[in-house]
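Subject: Structure handover

Hello,

The structure we talked about is placed just below, with its sequence. My notes on it follow.

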Amino acid sequence: MTKVLNPKYKAPSRESLTNHLIPAWYGVEKGNLISELKTVSKAAITADGWTSFSQDHYLTVTLHYVSNGQAKEKVLKTKAVYQAQTGSAVAEEIDDILEEYGVRQKVVAATVDNAANMDVAIKQLQIVKFPCFAHTLNLGAQKLYNCTAISNWAARVRAVIVWMKRSHMAKVVLKEKQDLLKLPKHMLLLDVRTRWNSLYLMMERFCEQFPAIQAAAIDPRIRKPMEKERLAKIGNEDLRKAEEFVQLMRKHYTSTLAVSSDKSPTCGEILPILQKLEQQYTVQEGDSAFTRSIKENIWNDLSKRYQGTDIQRFLEEATILDPRFKYKVRSDEVWDRIREAAITENIVAARDELPKEGETQRGGSEDGEEEKDYALPPPSKKTALEELFEEEDNELRSICESQPRLSLAQKVDQEIQLYKSLPSIPCRDSATLWWWNKQDTLPLLSGLAENYLCVQASSTPSERVFSTAGDTISPERSRILPKKADMLIFLQKNC
């Protein structure tokens, strides 16, 4: 076909692609990313480990920052590691990756899972560590398996679902009953303890298909007494518990989706979501024993999370600087910390803009050579309108010059009062874009907000990379070199 379309075209060979074209493309894109990151002031990372089909262990680091009102996400490296992944080893590997891209001093926080080696690594890097909120929610939900009443009830439902998924005749009968009862033709789902929200999804599907399951239980084609007895054990009481469970856990499920979405959920969402869940899991007088046990088991675990002083203070400041949730934290102390942080941030920025020692104001050399005096350009000629209203312009200029100049602290106070007076924005709107549009009216706070809006609520960005890595290092390509796999993953996610 290519010969017919263009007889002169010669397709590149496999060797040319793998050894020349892809490395050259990777080198160009990597250089462009390094140049782009030079303009970034603050950033955050996520990191996680993964084992490929060929049993090679990889470490992925993703970088998150704000640029021109947009939250940016870049995959820095998917690095093969061959030593024991102790905390010190992981810290050294992450540090090398950050130094390679020149962002080591710009990283303000890292969002990782609850593994012990990641905890040690981030502490050694002296970066604020945020436990992945999606993992935290899952750990809270897993506490239900430790409750005898809930685990026994779930085991009965699970046994029926396992049998119906394994029995060919049960599948046939179930589909017929779905047609008769006009139910969605959905398969029954089975929970996996390590999979997020799988218990909730299993019970939700069980409630949906309960009439079909009950109808299948009395079908004469299911002949074995043991099978009928197993189905008959599931009654209306189990359905009632399942409906209570689904209604109670729906916000938990929605929270997990919110913080593991593909739209860069920031750490400013964590406290508002926890407040929602606290309301949901508060025990009420009319709650049944079953509902009370669910609430107590989950909230006893979640209430112990994010209690560190540094993390709590960071989350409060991030929530206030998120215009969607700024009224969720009502504390004057937090606003005082925001004020001090804004003043410090702008003092440091002003210090960095000063010429370094040995440099002149005009950017001259250190040799002390006399610089040429360049004449200033002549003032532009006034327009006819400016000449006509010259007196009014001079009067306005004198009024502006007579007004006292505000100190940096006074400017910050003015911006904080203005920010407080502005209404919150809907959750569907972008917080980063809102601050970008307010950088003229709130210049001091907008720069500070970027330090918090880049921090991710969960480590799903790095875990999402492993889906791409699984397609790249597939069973058919299990012998691909780790260096080439890193190039392909980098190009696929960043280009």
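Helix α19, residues 443-453, is largely enclosed by the rest of the structure, because 8 of its 11 residues are buried. The buried residues of α19 include four leucines by name, Leu444, Leu445, Leu448 and Leu453. Ser446, Ala449, Asn451 and Tyr452 are also on the list of buried residues in this helix. Please keep in mind throughout that this is a predicted model.

Strand β4 is another enclosed element. It covers residues 107-112, and 6 of its 6 residues are buried, so the rest of the structure largely encloses it. Strand β1 (residues 43-51) runs parallel to β4 and is joined to it by 4 bridges. Strand β5 (residues 128-131) also runs parallel to β4, again with 4 bridges. Which residue of β4 is the bridge partner of Ala44? It is Ala109. Ala109 in turn has Val128 as its bridge partner in β5.

One further buried position is Ile213, in helix α8 (residues 198-217). Its relative accessibility is 1%, under the 20% limit, so Ile213 counts as buried. The C-alpha atoms of Ile213 and Lys177 are 8.0 Å apart, with the two residues separated by 36 positions along the chain.

Now the charged side chains. The structure holds 22 salt bridges; here are three of them, followed by a network.

- Asp119 and Lys123: the closest N and O atoms of this salt bridge are 3.8 Å apart. Both residues belong to helix α4 (residues 116-124) and sit 4 residues apart, about one turn of the helix. Asp119 is partly exposed at 25% relative accessibility, and Lys123 is exposed at 59%.
- Asp179 and Lys185: the closest N and O atoms here are 3.0 Å apart. Asp179 counts as partly exposed, with a relative accessibility of 44%, while Lys185 counts as exposed, with 59%.
- Glu333 and Arg337: this salt bridge has an N to O distance of 3.5 Å. Both residues lie in helix α14, 4 residues apart, which is about one turn of the helix. Glu333 is partly exposed at 49% relative accessibility, whereas Arg337 is buried at 11%.

Beyond these pairs, Lys30, Lys77, Glu100 and Asp486 are joined into one network by salt bridges that share partners.

The remaining notes concern surface patches. Which residues gather in the patch of negative charge? They are Glu386, Glu387, Glu391, Glu392, Asp393 and Glu395. Two elements, α15 (384-388) and α16 (390-402), each give two or more residues to this patch. The largest share comes from α16, with 4 residues. Glu386 is placed in helix α15. Is Glu386 buried or partly exposed? At 39% relative accessibility, Glu386 counts as partly exposed. That value also explains why Glu386 can belong to a patch on accessibility grounds, because patch residues need over 30% relative accessible area.

Helix α15 also holds Leu385. Together with Leu388 and Phe389, Leu385 makes a nonpolar surface patch of about 340 Å². Leu385 has a relative accessibility of 59%, over the 50% limit, so it counts as exposed.

A positive surface patch is made up of Lys251, Lys276, Lys328 and Arg330. Lys328 is found in the loop between α13 (309-320) and α14 (332-353). With a relative accessible area of 41%, Lys328 is partly exposed. Helix α14, at one end of that loop, is also the helix that holds the salt-bridged pair Glu333 and Arg337.

To recap the enclosed elements: α19 has 8 of 11 residues buried, and β4 has 6 of 6. On the surface, there is a negative patch with its largest share from α16, a nonpolar patch that includes Leu385, and a positive patch that includes Lys328.

Regards

Notes: Residues numbered from 1 in each chain as written. Predicted model: local features only at pLDDT ≥ 70, side-chain atom pairs only at ≥ 80, totals over all residues. Heavy atoms only, no water. Patch = residues over 30% accessible without salt bridge, like charges linked within 9 Å, V, L, I, M, F, W, Y side chains within 5 Å. Areas by Shrake-Rupley, 256 points an atom, 1.4 Å probe, with all protein chains shown as cover. Salt bridge = Lys/Arg side-chain N within 4 Å of Asp/Glu carboxyl O. Lys, Arg positive; Asp, Glu negative; His and termini not counted. Charge placed at Lys NZ, Arg CZ, Asp CG, Glu CD. Buried < 20%, exposed > 50% of the residue type's maximum accessible area, 1.4 Å probe, protein only. Pairing = 2+ DSSP bridges.
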